[in-house]
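Colleague: I have this structure open and would like to learn how to read it. Could you take me through it one feature at a time?

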Amino acid sequence: MDNWRGRTAVLTGAGSGFGLEMARLAARHGMKLVLVDVQVPALNACADEMRALGAQVLVVPTDVASATQVQDMAQAAFAAFGAPHLVFNNAGVASGGLVWETSVQEWDWVLGVNLMGVVHGVHAFTPMMLQAAQQDPDYRGFIVNTASMAGLLTAPNMGVYNVSKHAVVALSETLYHDLALVTTQIHASVLCPYFVPTGISQSQRNRPDQHSSGLAQPTASQRVSQVMSDKAVRSGKLTAAEVAQKVFDAMAARRFYIYSHAQALAGVQQRFEDLMQARNPTDPYAAKPHLGQALRSAIKPVTE
């Protein structure tokens with residue numbers, strides 16, 4: 001589909017990063033926007049900008065980890081604009097550290113947003129999109145879930161994030177196959193970005209109170225993970241706006257996998273060769289041993 005004018009997009013995580021840039025691009029395409037985020041000031045700023053671009057906008061502050069809030073948001077979106085044509089399940093948070101040092105609270109928070117947020121979006125919007133397809137042979141819909149290259153790789157010291165994004169990739173691939181069983185009018189894609197300058201490395205700012213009370217002080221591995229994440233995200237040369245354009249290009253081509261950095265696929269190939277040959281996982285720092293040694297040295301006090 002290359003004519004988006006007058007169609008509706010639902011975008012979670014719309015207050016910053018990929019969600020904001022997707023909203024900008026969708027507004028320029030003449031789409032009606034349902035803007036969703038837990039960051040209310042950023043969400044309102046996004047809405048003001050989109051209205052200035054001429055877009056019809058519905059603002060729905062939502063914690064995507066809550067099934068009830070997502071269902072309420074979906075009903076509000078349907079009441080305002082009908083069944084959406086694009087659902088961008090994008091909201092996400094980042095966390096790291098050695099897996100055995102990751103608290104249950106942290107697992108609940110990261111999986112609640114990164115995985116269950118996508119599950120809730122798929123559950124809330126797919127039935128209404130299927131109904132729209134049954135009623136209108138010209139209806140076309142797209143569900144795009146934001147995962148990460150961390151959903152295809154298993155870098156150390158990133159366990160909870162890796163698990164959440166691997167699950168999103170599996171969910172999205174299954175959604176693609178499930179949709180193919182019942183319709184040709186709705187397609188699924190998964191976005192797997194690498195390091196792109198967004199606000200995700202500072203997502204602790206959005207941690208809700210129920211996942212904040214009683215937290216222990218960060219361990220050495222968690223502090224190192226934060227520093228490495230900040231540096232990697234800041235160093236990204238590809239912009240979030242360029243990634244948003246890649247998403248629209250992929251939808252036009254009905255392409256499932258959307259990558260920001262093709263060069264990162266070498267690590268994916270290495271991982272799958274390890275799987276196929278039943279060999280132990282390759283050291284991710286084999287080509288840059290100084291980075292692996294720096295990480296080992298930084299977390300050594302907690303491992304001995």
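Modeller: Let's begin where two helices meet: Leu111, Gly112, Val113 and Asn114 in α4 touch Met116, Gly117 and Val118 in α5. Contact here means heavy atoms within 4.5 Å. Before going on, note that this is a predicted model, in which local features need pLDDT of at least 70, side-chain atom pairs count only at pLDDT 80 or more, and totals for chains, interfaces and linings use all residues. Residues are numbered from 1 along each chain as its sequence is written, and side-chain values use heavy atoms, with hydrogens and water left out.

Colleague: What kinds of residue make up the contact of α4 with α5?

Modeller: The residues divide into 4 nonpolar, 3 polar and no charged. Ala, Val, Leu, Ile, Met, Phe, Trp, Tyr, Cys and Pro count as nonpolar, Asp, Glu, Lys and Arg as charged, and the others, Gly among them, as polar.

Colleague: At what angle do α4 and α5 pack?

Modeller: Axes are lines fitted to C-alpha atoms, for helices over the stretch in contact, and angles run from 0 to 180 degrees between N-to-C directions. For α4 and α5 the angle is about 30°, with the axes 3 Å apart. The two helices are therefore roughly parallel to each other; angles under 35 degrees count as roughly parallel, over 145 as roughly antiparallel, 65 to 115 as roughly perpendicular and the rest as oblique.

Colleague: How many helices and strands does the protein have?

Modeller: There are 10 helices and 7 strands. Helices (H or I, at least four residues) and strands (E, at least two) are DSSP runs, numbered from the N terminus.

Colleague: In what order do the strands of the sheet lie?

Modeller: Two strands pair if DSSP finds at least two bridges between them. Here an open sheet of 7 strands has the order β3-β2-β1-β4-β5-β6-β7, with parallel pairing. β3 (57-61) and β7 (257-259) stand at the edges with a single partner strand each, so one side of each has no neighbour in the sheet. From one strand to the next, the twist averages 15°.

Colleague: Which helix packs on the sheet against β1, β2 and β3?

Modeller: That is α3, which touches β1 (8-12), β2 and β3, and its direction makes about 165° with that of β3.

Colleague: How do I read the side chains of a strand?

Modeller: In a regular strand the side chains alternate between the two faces of the sheet. In β1, Thr8, Val10 and Thr12 point one way and Ala9 and Leu11 the other, and all are buried. Buried means under 20% relative accessible area, exposed over 50%, and partly exposed in between (1.4 Å probe, protein chains only). β4 can be read in a similar way: Leu86 and Phe88 point one way, Val87 and Asn89 the other, and all are buried.

Colleague: Which residues stand opposite valine 10?

Modeller: Valine 34 in β2 stands opposite it, and so does valine 87 in β4. β1 pairs with β2 in the parallel sense over 5 bridges, while 3 bridges join β1 to β4.

Colleague: What is the largest nonpolar core made of?

Modeller: A nonpolar core is a set of buried Ala, Val, Leu, Ile, Met, Phe, Trp, Tyr and Cys residues joined through side-chain atoms within 4.5 Å. In soluble globular proteins, nonpolar side chains tend to be buried together. The largest core here has 44 residues, and Val10, Val34, Met73 and Phe125 have the most contacts inside it. α5 gives the most to this core, with 8 residues. Apart from it lies another core, of 35 residues, among them Ala26, Ala27, Phe142 and Val196.

Colleague: Is lysine 165 buried or exposed?

Modeller: Lysine 165, in helix α6, is buried, with a relative accessible area of 1%. Leaving aside neighbours within four places in sequence, lysine 165 is in contact with Asn114, Thr146, Ala147, Ser148, Ala150 and Gly151.

Colleague: And where is tryptophan 100 found?

Modeller: Tryptophan 100 is in the loop between β4 (86-89) and α4, and it is exposed, with a relative accessible area of 62%. Tryptophan 100 and glycine 159 are 59 residues apart in sequence and 9.1 Å apart in space, C-alpha to C-alpha.
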